[in-house]
Amino acid sequence: MTTPLAIDGLSVALPAGSDRALAVEAVDIGVGRGEIVCLVGESGSGKSVIAHAVMGLLPPSLPVVAGRIGVGGDDVVGMTESALRALRCTRMAMIFQEPMSALNPLMRCGDQVEEVLAAHTAMHADERRDHALQALRDTGLDEPARMMASFPHEISGGQRQRVMIAMALVLSPALLVADEPTTALDVTTQAQILALVRRLAHEHGTGVLFITHDFGVVAEIADRVVALQRGRIVESGTCEAVLGHPQHSYTRLMLSAVPSLVPPQRAPVTSRVVLSTSGLGKSWTRRRLFGAGRTVVAAVDVDLELRRGEVLGLVGESGSGKSTVARCIARLIEPTSGTIELDGHPIATLGVRALRPLRRKLQVVFQDPYRSLDPRRRVGESIIEGPMNYGVPRSNAQQRARELMHLVELDARALERYPHEFSGGQRQRLCIARALALDPDVLIADEPVSALDVTVQAKVLALLADIRAKLDLSILFITHDLRVAAQLCDRIAVMQRGRIVETGSTREVFTEPRHPWTRALVAAIPGQKPVWSGGG
């Protein structure tokens, strides 16, 4: 019986002028029936290039120059587009990393799952709907019927990811290529998805090529691990062998960068409060052409306090209201109820004109560095735009931009480059520099490291800690990664279904969680008993 995936001697060329000739060089990877192989490596190591090559999705600028990719015995290298379309979703399927880019914004989520069935089966409409509903239910989504009727922009990032997973799994393919499928998911949802992938592999014999930078996930799910560095395989073996006894220095480096689950001992921050909310709430009424509208409550009675120089972590599952609260505080959306005070100024109901002088005191770093910078502008122009809008002369703003580049450990000459010329980690550093250009008192960091590999993540976290110490900056840090929260945050507020259910010092929340939901979150962290010596 043929294996789901057999990659032999795969080499993929990079465009002329790149930092190396080959994106992937002489790679051999096999995935057996029911086997889960995790592909790990830093950004730019070639992981996603391999995934896209398997699916026949490489652009013309990245040609396969050598090797074979066997999917169920058929070589997909050089296969026609019509032949590839026949294979996709039936014998091989892919879960992409960024669901907002992969989903059609003009189609309801249910229609997108049904579209797969319509293209590859003879099911009638009612059967397609039942299968799509069950696929959404299998991913652990609450209210799958509502998800069917929702557009992608109406649901959270984690919910969008699960819709995309449902699309990939709806026809039970023999090979599943998963490119960072749990990056945007909270630990409880992540645990559900990992359990789903394991069940699919073990019960249905599906082979899984699982790309991830989360070694907790690797420890939970992998049968074998393949480590890539600059397009070459530097180490491969069983999960226990690679994580427990890594042979290559690069593998050891990645494992040492995994954040520990043990929070360091910190003294309580007792400085003045710079940001507070009281009774903060946000709800929407979704109006319909026919029938009554539906009220969606995203945040209820949220009380928070952030002190000068403190890092407050806001954690919770996808859809719990974390980002909604952050956007209300930043006045990117209007709160429905409650108060917000920024350095003693009530801002919850201020109009645009009155709010403008205070906006420079509070800046935001968003999750996705690829969508945060204008691709048509040089990064230097993006950084100086804010200060110049507040009357700072161009020469002064440019000097400040050069200082900030030094602060975020980038070359000031890079101010003349465009966003596409930087890696994901470098772009996030640029976004931090842009936020700091206005000398804010408070920085809201909304999942700023979730899309980064462990070594880059460690550098950005160290950078944030260093900036916080140098500038006495207050940070509201939103994350679903409790390992990251353990290392960076002084205190943690836990959200569930729009409410704060527990607040305390990071050490208290991790070692003695009081609320059942907090205990469930801590228990769901993947890789709590890892076999590697680093992290923990």
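Before anything else I jotted down a cut-off: a residue is buried under 20% relative accessible area, exposed over 50%, and partly exposed in between. I also noted that this is a predicted model.

**Entry 1: positive phi values**

I started with backbone angles, keeping in mind that most residues other than glycine have a negative phi. R230 is not a glycine, yet its phi is positive, about 50 degrees. I found R230 in the loop between β9 (224-229) and β10 (232-238). Is R230 buried, exposed or partly exposed? Its relative accessibility is 45%, so R230 counts as partly exposed.

Next I looked up A26, another residue other than glycine with a positive phi, near 50 degrees. Here the place is a strand, β2 (residues 22-31). With a relative accessible area of 52%, A26 is exposed.

**Entry 2: helix α1**

I then turned to α1, which covers residues 47-54. How many of its eight residues are buried? I got six, and I wrote the helix down as mostly covered. The buried ones are K47, V49, I50, A51, A53 and V54; I was pleased to spot a lysine in that list. Just after α1 comes G56, with a positive phi of about 70 degrees.

**Entry 3: the cores**

Which residues have the most contacts inside the largest nonpolar core? My list reads I383, L430, I432, I467, F477 and I492, in a core of 54 residues. I picked I467 for a closer look and left out residues up to four places away in sequence. I467 then touches L407, V408, I432, L436, D472 and L473. A second core, separate from that one, has 36 residues, including I193, V197, A222 and L255.

**Entry 4: the whole chain**

I counted 21 helices and 20 strands in the chain. The radius of gyration is 24 Å, close to the 24 Å that the globule rule gives for 536 residues, so the chain is as compact as a globular protein of that length. Along its principal axes, the C-alpha trace spans about 70 × 60 × 45 Å.

For burial, I noted that 52% of the 536 residues count as buried. The accessible surface comes to about 22,800 Å², and carbon and sulfur atoms account for 50% of that.

I also checked sequence separation: among contacts between residues at least 6 apart, 70% join residues at least 24 apart. Last came the charges, 60 positive and 58 negative, whose mean positions are 4 Å apart.

Methods. Residues are numbered from 1 along each chain as its sequence is written. This is a predicted model: local features need pLDDT of at least 70, side-chain atom pairs count only at pLDDT 80 or more; totals for chains, interfaces and linings use all residues. Side-chain values use heavy atoms; hydrogens and water are left out. A nonpolar core is a set of buried Ala, Val, Leu, Ile, Met, Phe, Trp, Tyr and Cys residues joined through side-chain atoms within 4.5 Å. Buried means under 20% relative accessible area, exposed over 50%, partly exposed in between (1.4 Å probe, protein chains only). Contact means heavy atoms within 4.5 Å. Helices (H or I, at least four residues) and strands (E, at least two) are DSSP runs, numbered from the N terminus. The radius of gyration is taken over C-alpha atoms; the globule rule is 2.2 Å times the number of residues to the power 0.38. Accessible areas come from the Shrake-Rupley method with a 1.4 Å probe; for residues, only the protein chains shown count as cover. Lys and Arg count as positive and Asp and Glu as negative; His and the chain ends are not counted. The place of a charge is taken as NZ of Lys, CZ of Arg, CG of Asp or CD of Glu.
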